[in-house]
Amino acid sequence: MDAISYLNRRGKLQDYFDRTANDAWAKLTSDAPVSGIRATVRAGRDQMRNNIISRLPEDLSGKRVLDAGCGTGALALELANRGAFVTAVDLSPNLIELAKSRIPESDRQNIEFHAGDMLDEAYGDFDYVIGMDSMIHYCAKDMLVVLEKLAPRVNQKILFTFAPSTIPLELMIRVGRLFPRRDRAPFIEPISQMKLQKSIDQSPWFVDWEAPFTQLVSSGFYKSQLLELQKRS
Ligand SMILES: C[S@@+](CC[C@H](N)C(=O)[O-])C[C@H]1O[C@@H](n2cnc3c(N)ncnc32)[C@H](O)[C@@H]1O
């Protein structure tokens with residue numbers, strides 16, 4: 001991994017999610033009214049969460065799941081409700097505290113929250129790893145190595161999202177860069193699906209894996225593509 005580029009971006013993301021946009025993120029992930037644009041993002045994210053959940057078994061009893069970059073914990077709760085033991089990790093200690101405060105203690109027994117790096121090997125091995133919109137700010141090279149670092153610790157599937165490189169998305173990001181705002185997200189890195197798939201296919205860490213499923217969610221300003229990587233049995 002280009003450790004410097006990963007650590008550099010990770011530092012910016014921690015600062016952004018823990019401070020700059022903590023309130024905006026808390027609001028977006030709640031039922032509070034939001035602007036029309038953010039409402040499309042919220043709807044798209046709800047759709048993506050459902051799509052991810054639908055790619056997992058109904059009964060996750062006894063399964064260990066890493067919610068990598070868990071944010072305010074909505075997905076972690078759904079996974080725990082299906083019986084999984086969830087390790088929910090996020091760079092932002094404030095988001096982790098918010099996640100804990102949103103989930104009643106009785107529902108939290110199967111969830112371990114940690115403020116830290118999702119790549120930390122101390123969290124152990126998993127049946128499933130989910131990275132919902134938590135890798136979209138890393139460049140293609142770093143995203144691949146994040147996946148390569150996770151792969152040896154996963155028994156079944158990695159489900160993660162990326163921002164597919166399309167002309168409208170590139171334009172949206174470029175226009176966004178012209179209008180800096182205090183709580184705007186660090187740049188999303190659009191990724192070519194073909195190139196990503198090719199680099200996964202060529203990676204020595206993924207020789208025993210296949211990619212059986214992908215799905216785009218496009219809702220107003222939210223464009224995110226789910227990719228499922230599955231270990232061959
Ligand atoms: C766009 S938010 C998505 C949060 C959550 N997955 C969701 O969909 O609601 C991205 C999250 O990924 C977290 N993140 C990014 N890089 C991370 C890393 N290396 N380790 C842990 N968390 C990370 C950020 O702190 C942020 O909370």
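**Notebook: burial, cores and helix contacts**

Entry 1. I began with A43, which at 41% relative accessibility counts as partly exposed. The model I am reading is a predicted one. I located A43 in helix α3. I then took a distance from A43 to A76: the two are 33 residues apart along the chain, and their C-alpha atoms are separated by 18 Å.

Entry 2. I turned to helix α3 itself, which runs over residues 36-54. I counted 19 residues in α3, and from first C-alpha to last the helix reaches 27 Å. That span is close to the 27 Å expected at 1.5 Å a residue. Which residues of α3 are buried? I listed V41, R42, G44, R45, M48, R49, N51, I52 and I53. I noted that this list includes the arginines R42, R45 and R49. What covers the buried residues of α3? The cover includes the helices α2 (22-28) and α4 (74-81). It also includes the strands β4 (126-131), β5 (154-164), β7 (209-219) and β8 (222-231).

Entry 3. I looked up D133 next and found it in the loop between β4 and α6. Its phi is near 55°, a positive value in a residue other than glycine. Is D133 buried or exposed? I recorded D133 as buried because its relative accessible area is 12%, and the cut-off for burial is under 20%. Leaving aside neighbours within four places in sequence, I found D133 in contact with R45, T161, Y222 and S224. Of these, R45 is among the buried residues of α3. For a distance along the chain, I compared D133 with K27: they are 106 residues apart, with their C-alpha atoms separated by 17 Å.

Entry 4. The contact with D133 led me to S224, whose place is in strand β8. S224 counts as buried, at 2% relative accessibility. Which residues does S224 touch, once neighbours within four places in sequence are left aside? I noted M48, D133, T161, F162, P164, Q215, L216 and V217. M48 is one of the buried residues of α3, and T161 is also in contact with D133. I also checked S224 against P190: 34 residues apart in sequence, they are 9.6 Å apart in space, C-alpha to C-alpha.

Entry 5. I went on to the nonpolar cores. The largest has 34 residues, of which M135, I158, F160 and I200 touch the most other members. Where do its residues come from? I found that α1, β1 (64-68), β4, α6 (140-150), β5, α8 (193-202) and β8 each supply at least two. The largest share, 5 residues, comes from α6. I followed I158 further and, leaving aside neighbours within four places in sequence, found it in contact with V129, L147, L150, A151, F206, W209, L227, E228 and L229. Apart from this core lies another, of 28 residues, among them I52, A84, F113 and L159. I52 also appears among the buried residues of α3.

Entry 6. I examined a residue of α8, one of the helices that supply the largest core. M194 lies in helix α8, yet at 71% relative accessibility M194 counts as exposed. I took M194 and K223 as a pair: 29 residues apart in sequence, they are 17 Å apart in space, C-alpha to C-alpha.

Entry 7. I closed with a pair of helices, α1 (residues 3-20) and α5 (residues 93-102). How do their axes lie? I noted that the axes come within 7 Å and cross at roughly 50°, which makes α1 oblique to α5. On the α1 side, the contact is made by Q14, F17 and D18; on the α5 side, by P93, N94 and L95. I sorted the residues of this contact into 3 nonpolar, 2 polar and 1 charged.

How values were computed. Residues numbered from 1 in each chain as written. Predicted model: local features only at pLDDT ≥ 70, side-chain atom pairs only at ≥ 80, totals over all residues. Heavy atoms only, no water. Axes fitted to C-alpha atoms, helices over the stretch in contact; angles between N-to-C directions. Helix = DSSP H or I, 4+ residues; strand = E, 2+ residues; numbered from the N terminus. Parallel < 35°, antiparallel > 145°, perpendicular 65-115°, else oblique. Contact = heavy atoms within 4.5 Å. Nonpolar A, V, L, I, M, F, W, Y, C, P; charged D, E, K, R; others polar. Expected span 1.5 Å × (residues − 1). Buried < 20%, exposed > 50% of the residue type's maximum accessible area, 1.4 Å probe, protein only. Core = buried A, V, L, I, M, F, W, Y, C linked by side-chain atoms within 4.5 Å.
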